[in-house]
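Q: I would like to learn how to read a model of this kind, one feature at a time. Where should we begin?

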Protein chains: 2
Amino acid sequence: MKTPDGGEGPPPLVYNPPMVGEFQLIEWIRSRRAPRGGIVVDIGDDLAALRWDGADLLLVGVDQVLDGVHFDSAVHLPEAIGAKVMNRNLSDCAAMACLPAAAVVTVALPRTAGLDYAKALDAGLRKAGDAFDCPIIGGDTASWDGKLLLTVTILGRSAGVAPIPRGGAKAGDGIFVTGALGGSLLGRHMTFRPRVLEARAMAAIAPISAMIDLSDGLSRDVGHIADQSGVAALIEADAVPIHADARESERRDGQSPLHHALHDGEDHELLFTAPATFAAALAPWAQPIGRIEAGSGVFLVDADGRRAPLAPLGWQHGIGP
Amino acid sequence: MKTPDGGEGPPPLVYNPPMVGEFQLIEWIRSRRAPRGGIVVDIGDDLAALRWDGADLLLVGVDQVLDGVHFDSAVHLPEAIGAKVMNRNLSDCAAMACLPAAAVVTVALPRTAGLDYAKALDAGLRKAGDAFDCPIIGGDTASWDGKLLLTVTILGRSAGVAPIPRGGAKAGDGIFVTGALGGSLLGRHMTFRPRVLEARAMAAIAPISAMIDLSDGLSRDVGHIADQSGVAALIEADAVPIHADARESERRDGQSPLHHALHDGEDHELLFTAPATFAAALAPWAQPIGRIEAGSGVFLVDADGRRAPLAPLGWQHGIGP
């Protein structure tokens, strides 16, 4: 690769590359964002700066999406890709019952992608954030001889609700889920709506003891709650809500709808535990699918009350077109 | 690609893949981190949670490093790669004169990389963070059919020092730099030490009006200060400190050492402006290299006082082995 100076230097590493249009992109992004109260230094400096109310716990986490893993750039539009990575992070806020406060973003763009493609990614990111009043206050873009990869780091504030961990489930709790499961790969994994408001509403009326959002599949994610809580989780097979997409998935691969509901990933519904007596109060948002007992492990209970270990399979999928 | 169920589904997208060893890796990372005061929910939940002193502004930003752009995985050791991405973010803290508080990390690993490689990346990240009391409190790892990419999002706290923006330079200010420049590509770009403590010390004794860390090259980064401040920046050619690596670079490509000092990237020294009368007070950490005037643009001033526009070239380099 020729350097600007005409020299030749193997290996042809290129670094700090203001990609074609990077500075224009930053300018464009900045122009799209209205100043907001609380932001002291906005996007475009070395770091952004916020005022933070010390009464609020600060929650923080990061999720990435990778081309060929979480989306397929040959199939999915850039707006949908941008929205997905933001929504995954908003769903993490939901799982802690916090309110989104702000986000920072990275984009690694293939060199073949142009400024319009980057703007469309940003539009998807921003629209998803705006739906939950979560502005993008910083970021880093670069182009490379690699595939598309985006990250979002989200900041949340407790806003009067103690963060709900994975490890708080207790024997006697019920296990609840906020929606029907399975077959997300058919399209819902790109279009789900994070359960931020539902989490806040439920946490206000019930002592939720543990919560997680379903990204790795029910069988695996309920295992995270059981393991981190030091308890056993029992899922009632007949109680698991089956999404219509799980039935369509059965038509495609022959696996039962229940199998899809138990093991498919990226439902992004909330899975949580709370005293079973709160089932009626929680009914507007969630339904019971099992119970917590002393012990360890995850079990599936059939209609006759027989229990069998439920192994986590939700870790690898072929995606149909 | 075969699914676990034996089905075949083109395209062979794989998502939410607990990579070989991912859960073991998370466990290993968790085991390496002592609990710290202020962290309410640590790594391993949907989000981490921190207590935040409302007297502190919260600073946040993110930087990514990409294989073949910011490092070469065929040349650089994983510990050094992990250290670099953390140090880039710590250097952003330095540029705002804030104290690092915590970080979250993403790693996109090629499928060919194993658990030991991931551990070495983490060790480099952690060692660099530990040097500035900056724990890693969350992250996301995934493996893919792509190249290595890491991100660090850093949280900083103002801790009694107002964040120093890029846009505060005023006519009459001097321009200062904390170290010698040029030729970072020969190796320093992987091993620089972030000027966090220097920034705090300088901010305590001088009214620093604008600051940036030199990542894109002096000519480009001083342009960021000039543009965002609405002023002109004049660099005295004879005053620019030249690193020995810039002279070695001249031997390799024939470009003058001054050219390298002005245009090479990733020095990660601090470039800042302050009233020229503070030069003596700042001398332990920084030296003057120019001045701010009313107007706009960036100029190089020669020994005879003649000024010429200084165009930013620090945007693309061939890296020698």
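Q: How many helices and strands are there in chain A?
A: Chain A of this predicted model contains nine helices and 13 strands. Of its 321 residues, 60% count as buried. Among contacts in chain A with a separation of 6 or more, 84% are between residues 24 or more positions apart.

Q: What does pLDDT say about chain A?
A: Where pLDDT is low, the predicted coordinates should not be read in detail. In chain A the average pLDDT is 88, and 86% of the residues score at least 70. Two stretches call for caution. Over residues 1-21 of chain A pLDDT stays under 50, although the model has 64 contacts beyond four places in sequence for them. Residues 315-321 of chain A also stay under 50, with 30 such contacts. The scores for the model are ipTM 0.87 and pTM 0.88.

Q: How many residues does helix α2 of chain A have, and what span does it reach?
A: A helix can be checked by comparing its end-to-end reach with the expected rise. Helix α2 of chain A, residues 78-96, has 19 residues and reaches 28 Å from its first C-alpha to its last, close to the 27 Å expected at 1.5 Å a residue. The helix α2(A) is mostly covered, with 17 of its 19 residues buried. Ala97(A), just after α2(A), takes a positive phi of about 60°.

Q: Which strands pair with β11 of chain A?
A: In a regular strand the side chains alternate between the two faces of the sheet. For pairing, one looks at the bridges. Strand β11 of chain A, residues 287-293, is joined to β7(A) by four bridges, and the two run antiparallel. Strand β9 of chain A, residues 232-236, also pairs with β11(A) in the antiparallel sense, over four bridges. As for individual partners in β11(A), Phe176(A) has Pro288(A) as its bridge partner, and Ala233(A) has Ile292(A).

Q: How many aromatic pairs are there over all chains?
A: Ring pairs are judged by the distance between centres and the angle between planes. The count is three aromatic pairs over all chains. In one of them, the ring centres of Phe176(A) and Phe272(A) are 5.2 Å apart and the planes are at 10°, so the pair is stacked; the cut-off for stacking is under 30 degrees. This pair links distant parts of the chain: Phe176(A) is in strand β7 (residues 173-177) and Phe272(A) in strand β10 (residues 270-275) of chain A, 96 residues apart. Both residues, Phe176(A) and Phe272(A), are buried.

Q: What do Phe176(B) and Phe272(B) form?
A: Phe176(B) and Phe272(B) form a stacked aromatic pair, 5.2 Å centre to centre with 10° between the planes. Phe176(B) lies in strand β7 and Phe272(B) in strand β10 of chain B, so the pair ties together parts that are 96 residues apart in sequence. Phe176(B) and Phe272(B) are buried.

Q: How many disulfides does the structure hold, and why is Cys93(A) not bonded to Cys98(A)?
A: A disulfide is a covalent bond between the sulfur atoms of two cysteines. The structure holds zero disulfides over all chains. For Cys93(A), the closest cysteine sulfur is in Cys98(A), at 3.7 Å, which is too far for a bond, given a cut-off of 2.5 Å. Cys93(A) is buried, with a relative accessible area of 0%.

Q: Where is the closest cysteine sulfur to that of Cys134(B)?
A: The closest one is in Cys93(B), 6.7 Å from the sulfur of Cys134(B) and too far for a bond. Cys134(B) is buried, with a relative accessible area of 1%.

Note on methods:
Residues numbered from 1 in each chain as written. Chains lettered and ligands numbered in written order. Predicted model: local features only at pLDDT ≥ 70, side-chain atom pairs only at ≥ 80, totals over all residues. Heavy atoms only, no water. Phe/Tyr/Trp six-rings, centres within 6.5 Å; stacked < 30°, edge-to-face > 60°. Buried < 20%, exposed > 50% of the residue type's maximum accessible area, 1.4 Å probe, protein only. pLDDT = per-residue confidence, 0-100. Contact = heavy atoms within 4.5 Å. Expected span 1.5 Å × (residues − 1). Pairing = 2+ DSSP bridges.
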